[in-house]
Amino acid sequence: MKAGWHRAGWVMVDPATVLPNAGVLVADGRIQAVERCRPGAAAVDHGPGVIMPGLVNAHTHLGLSALKGRVPSTGGFQHWVEALMALRASLPEEALGAAACSAAADMHADGAALVAEVGALAPGAEAIRRAGLRGLLFLEGLGAGSAVEPLPEDERGLFYSWAGHAPHTTSPEKLRALKCAAASRGRPFGLHLAESEEETAFLASGRGPWADLMARRGHDLAAWGPWGERPVARALRLGLLDVGTLAVHLLTASREEIQTLAGTGCRVCLCPRSNSVLHGRLPDVEAMLESGIRPALGTDSLASTPTLDLFDEMRFMVHSFPEIDPREIVAMATLNGAEALGVGGLGHCRPGALGRLLYVELEARTPREVLERLAAGRGRGVSWCLEKTDIRMDRGEEGGGL
């Protein structure tokens, strides 16, 4: 890729630094410099809007994309889970793969540069490759046992780690084994945590409807105790919470538990639209920010949310949490996500970063207005600066290591 300057009315270096009338120099796929534009300097002029880093979707399940609009969200979370499992099992692998590839292509078209996929190797890995996304694929463990699935070899822009599904679906022994395996490779460990009242009720006694579901699926819960713990307390006791863990959802976490999580350095990812659809409630984001946690943002799957577009997710955050500074919300979809996944060179436009730059058409008079319009999805259109690819806004370079 030849060296070249890309200029716009604004450049968002990171959510705290938005420069007027600035340019970004990209060479060999990486950012070399960011400067205020000089009169007469040669540059590709993208317009009066903003050049910004590509977005980071820190939690999704591309493998569930074929279930879009087909799993009823009424009847409670457990009913949704059982319907999802039955429907997924009934679909051929070809249909699951095709839907995953289509969804990943849409994510790229909606401005995502990096995605964290959670699930099995197929169909997520191939969908990420075909879409030209950079990805971290968490191979997910459920049930009991200490066996850990070996990781595939990393590829150019596609990396692998492990996740334990959740404390109410994965035994303590397996959760520890997966966490240790991820730590031994210096990779982040993923975990759904404090996602539902069903999880909390199950861990309180080891009995009830969720225990019955696990038994029907062939799981012996005899060694899953002790019972009487809340999800965060169990994860803490098992040694799962530290800076190398990405805890997703935290919908039922109390303020005290959020303080505990903050003290461990654990990373956090929120999926608010999915939470609203499946549970009719949202996590205590204000308490997280007050505690020093800087959450990442994810979309979850098309089985529980209408799009995988992070502009839609940010717009929902603005609507649901109008008191939160738009800078914080934009950070959730960019810098916070890249840091939570341990992927350098994305989420910002500083020198040395990968040149995966978006241009968002908007009009703004101040840096704050730029961030407000980005968070609220008010741009008229989006494009990749280094690609001839239009990105739909009406729905809303490779290199380096992990």
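Is E155 buried, partly exposed or exposed? E155 is partly exposed, with a relative accessible area of 29%. The points below take up this residue and other features of the structure, which is a predicted model.

1. **The salt bridge of E155.** The side chain of E155 meets that of R129 in a salt bridge, with 2.8 Å from N to O. Distant parts of the chain are linked by this pair: E155 belongs to the loop between β8 and β9, R129 belongs to helix α3, and 26 residues separate them. R129 is partly exposed as well, its relative accessible area being 36%.

2. **A buried pair.** R234 and E229 also form a salt bridge, and their closest N and O atoms are 3.0 Å apart. R234 is buried, with a relative accessible area of 1%. E229 is buried too, at 13%. Both values fall under the 20% limit that defines a buried residue.

3. **A pair within one helix.** In a further salt bridge, the side chains of R373 and E369 meet at 4.0 Å, N to O. Both residues lie in helix α14, which covers residues 367-375, and because they are 4 residues apart they are separated by about one helical turn. R373 is partly exposed, with a relative accessible area of 24%, whereas E369 is buried at 13%. Elsewhere, E126, R129, R130 and E155 are joined into one network by salt bridges that share partners. In the whole structure, the search finds 21 salt bridges.

4. **The largest pocket.** How much space lies in the largest pocket? The volume is about 910 Å³. Its lining comprises 37 residues, and those nearest the centre are L84, M85, E140, L142 and H165. By class, 17 of the lining residues are nonpolar, 13 are polar and 7 are charged. Helix α1 (77-90) is among the elements that supply at least two residues of this lining, as are β7 (112-119), α3 (121-131), α6 (209-216) and α9 (272-279). The greatest contribution comes from α1, with 7 residues.

5. **The largest cavity.** The largest cavity has a volume of about 60 Å³. Of the 14 residues that line the largest cavity, H59, V118, G190, L191 and V248 lie nearest its centre. Strands β6 (55-60), β7, β8 (134-141), β9 (158-164), β10 (189-193) and β11 (245-249) each provide at least two residues of the lining. Strand β10 has the largest share, 3 residues. The lining of the cavity divides into 8 nonpolar, 5 polar and 1 charged residues.

6. **The nonpolar cores.** The largest nonpolar core holds 95 residues, and the members that touch the most others are L62, L193, L250, L341 and L374. Strand β7 supplies the largest share of this core, 6 residues. A second core, separate from it, has 22 residues, including V81, L84, L87 and M214. L84 is also one of the residues nearest the centre of the largest pocket.

7. **L250.** Where is L250 placed? L250 is in the loop between β11 and α8 (255-264). Leaving aside residues up to four places away in sequence, L250 touches L193, A194, L261, V268, P283 and M288. With a relative accessible area of 0%, L250 is buried. The phi angle of L250 is near 50°, a positive value in a residue other than glycine.

8. **D28.** A positive phi in a residue other than glycine is also found at D28, where the angle is near 55°. D28 is part of the loop between β2 (17-27) and β3 (30-36). D28 counts as exposed, at 67% relative accessibility, whereas L250 is buried.

9. **Cis peptide bonds.** Which residue does a cis peptide bond join to G225? The partner is P226, and omega is about 0°. P226 is located in the loop between α6 and α7 (231-237). The peptide bond from A122 to P123 is likewise cis, with omega near 5°. P123 has its place in helix α3, the helix that also holds R129 of the salt bridge with E155.

How values were computed
Residues are numbered from 1 along each chain as its sequence is written. This is a predicted model: local features need pLDDT of at least 70, side-chain atom pairs count only at pLDDT 80 or more; totals for chains, interfaces and linings use all residues. Side-chain values use heavy atoms; hydrogens and water are left out. On a 1 Å grid over the protein atoms alone, a cavity is a set of points where a 1.4 Å probe fits but cannot get out, and a pocket is an open set with protein on both sides within 12 Å along at least five of seven lines; lining residues have an atom within 4 Å of a point. Grid points are joined across faces, edges and corners, and a volume is the space filled by probe spheres set on the points. Ala, Val, Leu, Ile, Met, Phe, Trp, Tyr, Cys and Pro count as nonpolar, Asp, Glu, Lys and Arg as charged, and the others, Gly among them, as polar. A nonpolar core is a set of buried Ala, Val, Leu, Ile, Met, Phe, Trp, Tyr and Cys residues joined through side-chain atoms within 4.5 Å. Buried means under 20% relative accessible area, exposed over 50%, partly exposed in between (1.4 Å probe, protein chains only). Contact means heavy atoms within 4.5 Å.
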